[in-house]
Structure formats: C-alpha cells, structure tokens
Amino acid sequence: MFLLSPAGSSRAAYSGAGRALKASVGSRNQARAYGTSKDPNYPGHIPLSTAQNTLLAVGSGVVGVLDTSRGDLIATLSESTASTFLPSLHESMVAHAEGRQIMRDRPMIDSEVQSKLKLLKRGTLGREWVEWCERGNVTPDTRAPVQYIDSPTLAYTMLRYRQTHDLYHTLFSLPPTLVHELSLKVLEFSNMSLPVALLSSTFGPLRLSAKRRDLWIRDWVPWALRTGAEGRSLVGVYWEKRWEQGVGELRRELGVKRNDAYGVESRWKGYRELREMERELRRKGEWVDEPEEW
C-alpha cells in the first residue's frame, strides 16, 4: 500500500477541493438546464424528475441495445435504472468488513498511482493491472462519472464498480477485446446481478459472427456463470490494499479461478498470449506468487 507525503496530501486535497467546487457549480447549472429545481446532492450530480429519469432510461436503453458499443449510453442506462439493483449491490458490498471499510474511506482509482505500481514485482495485482492497462492502451481516468443517482452513497457504489472493472480483467487474465469483455459482463451479472451486464451480454454477442458467437457461448459462458456465482462479491474487494498481493493468491482467497477448460487457450489468441507470458515469467523466476495450474 502506498501513502502520500503530508505535502502531497495537502496539494491533492487542495486540488480535489477545487475540482469539487467547480463540479458543484456545474451541477447546479446542469440541473437548471434539465428543468428541475432540485439542488445537487454531490459534485457532478444532475437531479432528475421521475418523468425525466424514465425518458432517459428508455432512450438510453433503446439506443444502447441497437449499439452495444456505446459505453456512454450503457452507463446512463445503469444510472437511470439504478433503483432496481443498486441498493442490493450496496448491501452485498457492506456485508463484509472490507466493503464497509471501502465505504468509510471512499478511495478513488486513477492513473496517478500507476507510476508507483510499475515498480512492484511481476505477478502482483498492482503491477499486473498497470501492465494490462498499458498493453490495452487503457487508462482508469476514462471511466464515466456518476451523474443521475440521487443518493451519494449509492452513487459512490456505482462509481466503485466502474473504477474497479479493469481489475476484474486483470484478475482473470482477460484482454480488452469484445469477446472477453462480454465474458466479463456475464461474470458480473452472475456475481452482482447487474441488469446492464445482462443486457450487454445478451445483445453484445450479436456483434460476433454466428460461428464465433457459438464458440464463445460454449467456451466462456459456463465458466463465467459458475465463477461469478461461486466467488466473493468483487465490488466489495479493497483492491488498493492488495496492490502488493500475488494475483494467484488473491484468486484463491476470493474463491475464483481462470478459465482452464480444455482447448480454450488454443482457440482464443489474446487470452493465450497473456497466459503464455505469465508462464515465461514463472520459468525465469520473475513471477511473485506460487504457481497455480499452468
């Protein structure tokens, strides 16, 4: 775990306060633009009336189904329908001491910490997350902010899910491709009962060819459903306190496994490349934790 110096903490707090103030002013202006007199409940919040929220849900849902690559619409749909699933997701999060600590601390995951995590040994969660982001040209700063959820507590729960999504990729060695994103959505639905994950994993596969879609259903869906159901709730993991923990050790602790079904690696190139890279590092003695089945 990495700690900021007192001076760094002061600068971070000052900068954060400035951003929060600007966001708060912007939220009030946006709320007026949306035709509601409600005051925002947190920086960036856009309060909506029931009718506005319904219209937003229908619009983002229809277009999101037609074009599942529109992550912004999927994010909007998840917020406008949050009352149907977010309270139960929050309850599962705070059912464990680790999740309750997250809600007290309200940590944020962004790119500022990655330079320090780059110094960790290969095989640790923090280092492998950075390697995954660099390999896929992904940055944690691109996650959409929460705007339409009224409860600050539930808004943070949603934000936490968004900010930790790429860590799920790291945990299961899933590259940032359509097939593996869909597999992770199935796992998230099984693990957290997220309706939007179900929507994405139902309509998203239509973007695959019929042959590849059938292969994906056979190779990945059973594993994702089983792993999500049997493992601990991923949204309640305090990832920041586990940066230096071996990824394999973490999987064992959470009660989850990667997809080791016969023939899966040979059929899916991106997944095979990540697994082969890990094996090579293990052979060189550069991987930090004990080997799993490999």
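**Close-up views of a predicted model**

**View 1. L154 and the residues around it.** L154 sits in helix 8, in what is a predicted model. Its C-alpha lies 8.6 Å from that of A82, although 72 residues of sequence separate the two. Skipping anything up to four places away in the chain, L154 touches L86, P87, H90 and I149. One of those partners, I149, comes back in the next view.

**View 2. The largest nonpolar core.** This core counts 57 residues, and the ones touching the most other members are I149, L171, F172, W216, W220, L234 and W239. Quite a few helices chip in with at least two residues each: helix 4 (86-93), helix 5 (97-105), helix 7 (125-135), helix 8 (152-172), helix 9 (178-192), helix 12 (221-230) and helix 13 (247-254). Helix 8 gives the most, with ten residues. As general background, nonpolar side chains in soluble globular proteins tend to be buried together.

**View 3. Zooming in on W220.** W220 is among the core residues that touch the most other members. So what does W220 contact once neighbours within four places in sequence are set aside? The list runs L174, V179, H180, S183, N259, V264, W268 and Y271. Three of these, V179, H180 and S183, are also buried residues of helix 9.

**View 4. Helix 12, one side in and one side out.** On the buried side of helix 12 you'll find V221, W223, A224, T227 and G228. Looking down the helix axis, these buried residues fall within an arc of 160°, so they line one face of helix 12. Turned away from that side are the exposed residues A229 and E230. The cover over the buried residues includes helix 8, helix 9 and helix 11 (210-219).

**View 5. Helix 9, largely enclosed.** Helix 9 runs for 15 residues and spans 20 Å from first C-alpha to last, close to the 21 Å expected at 1.5 Å a residue. How many of its 15 residues are buried? Eleven are, so helix 9 is largely enclosed by the rest of the structure. They are V179, H180, L182, S183, L184, K185, V186, L187, E188, N191 and M192. Covering them, among others, are helix 4, helix 8, helix 10 (195-203), helix 11, helix 12 and helix 15 (269-283). Right after the helix comes S193, with a positive phi near 60°.

**View 6. Residues annotated as a binding site.** An unreviewed UniProt entry lists H165, D166, H169 and E181 under "binding site". The four are spread over 17 residues of sequence but cluster in space, with a largest C-alpha distance of 10.1 Å. E181 belongs to helix 9 and, leaving aside neighbours within four places in sequence, is in contact with H165 and H169. Its relative accessible area is 24%, which makes E181 partly exposed.

**View 7. D166 and its partner R143.** D166 is another of the residues listed in the UniProt entry, and this one is found in helix 8. Is D166 buried or exposed? With a relative accessibility of 5%, D166 counts as buried. Its side chain makes a polar contact with the side chain of R143, at 2.6 Å. Beyond four places in sequence, D166 is in contact with W129, W132, V138 and R143.

**View 8. Q245 in a loop.** Q245 belongs to the loop between helix 12 and helix 13. At 13% relative accessibility, Q245 falls under the 20% limit and counts as buried. Which side chain does the side chain of Q245 meet in a polar contact? That would be E253, at 3.0 Å. Not counting residues up to four places away, Q245 touches G123, T124, L125, L250 and E253.

**View 9. D289, past helix 15.** D289 lies in the segment after helix 15. Relative accessibility here is 9%, and D289 therefore counts as buried. A polar contact of 2.9 Å joins its side chain to that of W287. Leaving aside neighbours within four places in sequence, the contacts of D289 are G246, V247, G248, E249 and R282.

How values were computed: Residues numbered from 1 in each chain as written. Predicted model: local features only at pLDDT ≥ 70, side-chain atom pairs only at ≥ 80, totals over all residues. Heavy atoms only, no water. Core = buried A, V, L, I, M, F, W, Y, C linked by side-chain atoms within 4.5 Å. Buried < 20%, exposed > 50% of the residue type's maximum accessible area, 1.4 Å probe, protein only. Helix = DSSP H or I, 4+ residues; strand = E, 2+ residues; numbered from the N terminus. Contact = heavy atoms within 4.5 Å. Arc of directions from axis to C-beta. UniProt positions renumbered as here; feature names shortened; annotations may be inferred. Polar contact = N/O pair within 3.5 Å; in protein donor to acceptor, adjacent residues only side chain to side chain. Expected span 1.5 Å × (residues − 1).
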